[in-house]
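Open the model in your viewer and keep the sequence panel beside it. The stops below go from a single residue outwards, then on to spaces and ring pairs.

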Amino acid sequence: VDPPGMTADTVRLPQVSRRLTREEVLIARGTADAFALRRRHHDAATYNRYAPTGQMARDLYEAMENARCEAVGARDMPGTLGNIDAKIANEAERKGYAQIRSTQDAPLAQAAGYMIRHLASGRQMPGGAQNVLELWRPFIEQQAGHTLGNLNEVLADPVAFARLSRQIIKDLGYADQLGDDPDGQDDEEGGDSEQNQEEQDSAGDESQEQD
């Protein structure tokens, strides 16, 4: 009876009643597929390396990564799309997404994830999820449309997608929540190493001159 979830070695699916209704089965399958595709296509080291520090930015980052894993998996296993649609529709119904009429009440992070899945699969979102996407879609396209145009080129590459996600987060106005740029840190470390090497070489040359 605990909520669905996944740990390092355990997956917990939604409870199925003895009636074993079609809806229950689809939701359980969709949850299982979503967890399995996350396990298969998620690169934890890359994800953690590029993860933002602020809460809203992290929510956006997480929602887009989930959508990426599901979209990449669906290319190899199209049958997962229908199952995961059932899961998404059920979640949207429980959260009342179909009744939302303003972006103030609609979660931007979910909408960003829905946008990634929609663009990658060409499918509309099921049920109330489509309503949330449509409420935020004009804003997302206006702010991040250019960045999203590169989606299909990076979808299967966790590092490239993480960088694209950070750019989308910046486009949407949350640059202050990104934290330090991991790629920038690499450049600094590389520069320090080169400087140290130059200093060592210079010291070696001076020592030879003294000899």
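Select Ala89, which lies in helix 4; helices here are DSSP runs of H or I with at least four residues, strands are runs of E with at least two, and both are numbered from the N terminus. Ala89 is partly exposed, with a relative accessible area of 24%; buried means under 20%, exposed over 50% and partly exposed in between, using a 1.4 Å probe and protein chains only. Now add Gly127: its C-alpha atom is 5.2 Å from that of Ala89, although the two residues are 38 apart along the chain.

This is a predicted model, in which local features need pLDDT of at least 70 and side-chain atom pairs count only at pLDDT 80 or more, while totals for chains, interfaces and linings use all residues. Residues are numbered from 1 along each chain as its sequence is written, and side-chain values use heavy atoms, with hydrogens and water left out.

**Helix 4**

Extend the selection to the whole of helix 4 (79–94). The end C-alpha atoms of helix 4 are 24 Å apart, which agrees with the 22 Å that its 16 residues should span at 1.5 Å a residue; the expected span is 1.5 Å times one less than the number of residues. Which residues of helix 4 are buried? They are Thr80, Leu81, Asn83, Ile84, Asp85, Ala86, Lys87, Ile88, Asn90 and Ala92. Show helix 1, helix 3, helix 5 and helix 6 (128–148) as well, since these are among the elements that cover the buried residues of helix 4. Just after the helix, pick Gly96: its phi is positive, near 70 degrees.

**The largest pocket**

Turn on a surface or pocket display. Rolling a probe the size of a water molecule over the atoms shows where empty space is left. The search runs on a 1 Å grid over the protein atoms alone: a cavity is a set of points where a 1.4 Å probe fits but cannot get out, a pocket is an open set with protein on both sides within 12 Å along at least five of seven lines, and lining residues have an atom within 4 Å of a point. Points are joined across faces, edges and corners, and the volume is the space filled by probe spheres set on them.

The largest pocket has a volume of about 790 Å³. To find its centre, select Ala34, Phe35, Asn66, Lys87 and Glu91, the closest to it of the 30 lining residues. Helix 1 (22–41), helix 3 (55–76), helix 4 and helix 5 (108–121) each give two or more residues to the lining. Helix 1 has the largest share, with seven residues. Colour the lining by class to see 12 nonpolar, seven polar and 11 charged residues; Ala, Val, Leu, Ile, Met, Phe, Trp, Tyr, Cys and Pro count as nonpolar, Asp, Glu, Lys and Arg as charged, and the others, Gly among them, as polar.

**The cavity**

How many cavities of 30 Å³ or more does the whole structure hold? The search finds one, with about 60 Å³ of space. Select its lining: Asp43, Thr46, Tyr47, Tyr61, Glu65, Arg68, Pro158, Phe161, Ala162 and Ser165. Helix 2 (44–50), helix 3 and helix 8 (158–171) each supply at least two of these residues, and the largest share, four residues, comes from helix 8. By class, the cavity lining has five nonpolar, two polar and three charged residues.

**Ring pairs**

Stay on Tyr47 and Tyr61. The structure holds two aromatic pairs; rings of Phe, Tyr and Trp (its six-membered ring) pair if their centres lie within 6.5 Å, and planes under 30 degrees apart count as stacked, over 60 as edge-to-face and the rest as tilted. The rings of Tyr47 and Tyr61 are tilted, because their planes stand at 35 degrees, with the centres 4.7 Å apart. Tyr47 is in helix 2 and Tyr61 in helix 3, so the pair ties together parts 14 residues apart in sequence. Tyr47 is buried at 11% relative accessibility, and Tyr61 is buried at 3%.

Next select Trp136 and Phe139, an edge-to-face pair with 5.5 Å from centre to centre and 65 degrees between the planes. Both lie in helix 6, three residues apart, about one turn of the helix. Trp136 is buried at 14%, whereas Phe139 is partly exposed at 29%.

**Last stop**

Follow helix 6 to Thr147, which is buried with a relative accessible area of 10%. Beyond its neighbours within four places in sequence, Thr147 is in contact (heavy atoms within 4.5 Å) with Leu164, Gln167, Ile168 and Asp171.
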